[in-house]
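Student: Hi! I'm new to this structure and would like a walk through it. Could you help me read it?

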Amino acid sequence: MLKIKSYVKVNSIAEAYELNQKKTACVLGGMVWLKMGNRNISTAIDLSGLGLEGIQETDDEFVIGCMTSLRALETDKRLNEYTQGAIRESVRHIVGVQFRNCATVGGSIWGRYGFSDVLTMFLGMDTWVELYNAGKIPLTEFVNRKKDNDILVNIIVRKQPLRVCYMSQRNTKTDFPVLTLCASLIGNEARTVIGARSARAVIAEDPEHILENFAEKSEEEQKEAIRKFAGYAAEHVSTSGNMRGSKEYRTLLVEVLTRRAWETVGGMKDEY
Amino acid sequence: MNIKFWLNGIQRQEEIDPGMLLIDFLREKGCYSVKRGCETANCGLCTVLMDEKPILSCSMLAARIDGKKIVTLEGLQKEAEEFGDFLANEGAEQCGFCNPGFIMNVIAMLRELEEPDEEQIKEYLAGNLCRCSGFVSQTASILKYLNYKKTQEES
């Protein structure tokens, strides 16, 4: 059971940071995950009074406050236009509307959970996290950092030219995913992110440059590159088994979803 | 700690424990429609509206409702009764335990979506589990209710 000794709705991020230096303190996100654990929290730090819910769009970026709900991501027209609906696809299978009204993007990203659809999706874009103390760092770096006592303030998506497709496999609707995958062309860079392996999402590296200059390839060349890369990813992205799926099954999914997602990015199919 | 909030339209002020969950708080205040059907934030039985939005009261600290408006099924008797008839007529009522949470989310959906189709209904209500049925009767009752509302508006 979760036990909370005191609750503070902070007036500034500085105050939150100061309170969070104590090991037994904890910043609250949407609490949908936190409340399931057994934890004794000395001070629960609530950021919900700081206006950090919401998505601001500028010419160059989207600035998403850490307290923005997953439902707000799902229904935001601008973000979904930019991602060709991939953001909506990445969150709409997560439990239900009520859950997504509670769960926050900050909680999802800060937690760096192995099962995270949200983390997989945001790794597939030019995403940065803005931390109170450490400043702005790329999400690709943040994802491998050890959890510390910093405060995640905003998630920033730089508006590079983007073609992106998000896919997940679930044993049953609304359950945790068995595998998540985000394929994207960020400017010229081809990126494939694979999560719920069952470990934390990783970028499937392409040292043989199979997907290099993907956009310039003919359809035949693209198909061949996709086939080759899907095989390469299945061979090199490490997977493991848990109660939702075996290692072998996940590896099969890596190949299939990589192929399908890249076919969508390549415009060979346009459905989820 | 002290919180001020609205429960079903009435402003209240209460002393609470900082770790108390909203579901337990609401049941303590006599809102027995709010139920706990799982321990994993998955079943939707504890759904209430917070500032018009459906949320899981099992995952919300009571401390967080300070300054907010909470509505439970007890505060929506008229709407619930009207739709409840459609549910009953389709035989969607089995044990009835999931019903209050389900009706709360249906009401939230009807306020948020304009004329939802079957796919949209299924997607919006995916987080409401019923262990007796296969959701067919529930979906049928919503479609019939929508139709009834439409004819009512037209006349």
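Tutor: Happy to, and we'll go through a sheet, a core, a helix pair and the contact of two chains. This is a predicted model, where local features need pLDDT of at least 70, side-chain atom pairs count only at pLDDT 80 or more, and totals for chains, interfaces and linings use all residues. Residues are numbered from 1 along each chain as its sequence is written, and chains are lettered from A and ligands numbered from 1 in the order in which they are written.

Student: Let's begin with the sheet. What is the strand order of the open sheet in chain A?

Tutor: The order is β4-β5-β8-β6-β7, five strands with antiparallel pairing. Strands here are DSSP runs of E with at least two residues, helices are runs of H or I with at least four, and both are numbered from the N terminus. Two strands pair if DSSP finds at least two bridges between them.

Student: Which strands stand at the edges?

Tutor: β4 (55–57) and β7 of chain A do; each has a single partner strand, so one side of each is left without a neighbour in the sheet. On average, neighbouring strands are turned by 25° against each other, direction ignored.

Student: How many bridges join β4(A) to β5?

Tutor: Three, and the two strands run antiparallel, with β5 covering residues 61–65 of chain A. A:Ile55 has A:Ile64 in β5(A) as its bridge partner.

Student: And what about β6(A) and β7?

Tutor: They run antiparallel and are joined by four bridges, β7 being residues 135–138 of chain A. A:Trp128 stands opposite A:Pro138 in β7(A). β6(A) and β7(A) form a hairpin, with three residues between them. Strand β6 (residues 127–131) also pairs with β8 (residues 152–158) of chain A, in the antiparallel sense over five bridges. There, A:Leu131 stands opposite A:Leu152.

Student: New topic: how many residues has the largest nonpolar core?

Tutor: It has 129 residues, and among those with the most contacts inside it are A:Ile109, A:Phe122 and B:Leu22. Such a core is a set of buried Ala, Val, Leu, Ile, Met, Phe, Trp, Tyr and Cys residues joined through C-beta atoms within 7 Å. A residue is buried if 20 or more other C-beta atoms, placed from the backbone, lie within 10 Å of its own, exposed if 12 or fewer, and partly exposed in between. Helix α9 (residues 219–236) of chain A gives the most to this core, with seven residues.

Student: What is B:Leu22 in contact with?

Tutor: Leaving aside neighbours within four places in sequence, B:Leu22 is in contact with B:Ser57, B:Met60, B:Leu61, B:Ala62 and B:Ile65. Contact is when C-beta atoms, placed from the backbone, lie within 7 Å.

Student: At what angle do α2 and α3 of chain B pack?

Tutor: Helix α2 (residues 77–89) and helix α3 (residues 99–112) pack at about 105°, with axes 10 Å apart. Axes are lines fitted to C-alpha atoms, for helices over the stretch in contact, and angles run from 0 to 180 degrees between N-to-C directions. α2(B) and α3(B) are therefore roughly perpendicular, a label for 65 to 115 degrees. Residues that meet there include B:Phe83 in α2(B) and B:Ile103 in α3(B).

Student: Last one: how many residues of chain B are in contact with chain A?

Tutor: 24 residues of chain B, in contact with 24 residues of chain A. On the chain B side, β4(B) gives the largest share, four residues.

Note on methods. Two residues are in contact if their C-beta atoms, placed from the backbone, lie within 7 Å. Angles under 35 degrees count as roughly parallel, over 145 as roughly antiparallel, 65 to 115 as roughly perpendicular and the rest as oblique.
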